[in-house]
Amino acid sequence: MIHIVTDSTAQLTSEEIKDNDLHVIPLQVSFEGKTYQDKVDITRQQFSEMLHDDETEFPKTSQPAMGQFVETYEQILKDDPDGSIVSIHITRILSGTVETAQSAAQQVNGDIRVIDSKSTDRGLGFEVLKAAELAKAGKSAEEVENGVIAMIPEISLHVFVNSFDYLVKGGRASRAVGFISSLIQLKPVLALNEGKLEIVAKCRGAKKMRKVRDEITETLINDPKVKEVGLSYVDSTEDVDAVAARIKEARPDINVLVRLTCPVIMTHVGPGGFAIIYN
């Protein structure tokens, strides 16, 4: 049997996790002197409110300990000695989680295949669900691995950042760039393409950001191959609700999932941020 492991940055519903018997390892975030495990001892709504209200301390994120991966892998293979594991994780550009998983896999005897999703959030969720679909279809571990890797270029992920401050504080942008951006109220739109984070638009104000949002929405609507869309947000649903309504109007065949993103992404993107992810 093939077992699928991922991390909590994957945007998945409780039903998807249960129906596909997925193993989800939580990432951690430290805030006000306390460390929380995503979806274990803090909800996404709780973290969103903390991030929005608190101005005294910037949260810090960390990947799971190697021991968590080792323990998970060993337990799976103990229960199913002939089984294989396909472990799919947040892109290494945002977290060291995949490197930790790879190191843990080397310490455990068994067929364990670790994949850098080169994505996150619902993009990672798409890959995890693809792996589960292939496994249920009776594909081999190698076929599941290859199927997921082949899917990576098909995923489009755009992140709308309302303020550069959080990217700067989180170490994802230089302080100099952050300072200049705050002066001109720059709101960048980032694309995560096959593990590379690129600025695709520099919006000087909310009006321009909405224009880019609508352009991306029309692009996916006019692409007949698009069947799944993930709309993730940090705190406000205003933008994602507008996108969801437009998709429902023009392409009711597209499945749309609207949900809060994970604390790790919230920390880097900050209040007002949201993402459009499609496949």
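The largest nonpolar core, a set of buried Ala, Val, Leu, Ile, Met, Phe, Trp, Tyr and Cys residues joined through side-chain atoms within 4.5 Å, has 47 residues, and F160, L220, V229 and I276 have the most contacts inside it. Buried here means under 20% relative accessible area with a 1.4 Å probe and protein chains only. The model is predicted, so local features need pLDDT of at least 70 and side-chain atom pairs pLDDT 80 or more, whereas totals for chains, interfaces and linings use all residues. Residues are numbered from 1 along each chain as its sequence is written, and side-chain values use heavy atoms, without hydrogens and water.

Beyond its neighbours within four places in sequence, L220 is in contact (heavy atoms within 4.5 Å) with V226, V229, I247, R251, I254, I276 and Y278. Another core, of 16 residues, lies apart from the largest one and includes L12, L22, A141 and V144.

V229 belongs to strand 11 (residues 228-233), in which 5 of 6 residues are buried. Strands are DSSP runs of E with at least two residues, helices runs of H or I with at least four, numbered from the N terminus; two strands pair if DSSP finds at least two bridges between them. Strand 11 runs parallel to strand 12 (residues 255-260), with 6 bridges, and V229 stands opposite V256. Between these strands the chain passes through helix 10 (residues 238-250) in a right-handed β-α-β crossover, that is, clockwise with the strands pointing away from the viewer. Strand 13 (residues 274-278) is antiparallel to strand 11, with 5 bridges, and its I276 is the bridge partner of L231.

How values were computed
Buried means under 20% relative accessible area, exposed over 50%, partly exposed in between (1.4 Å probe, protein chains only).
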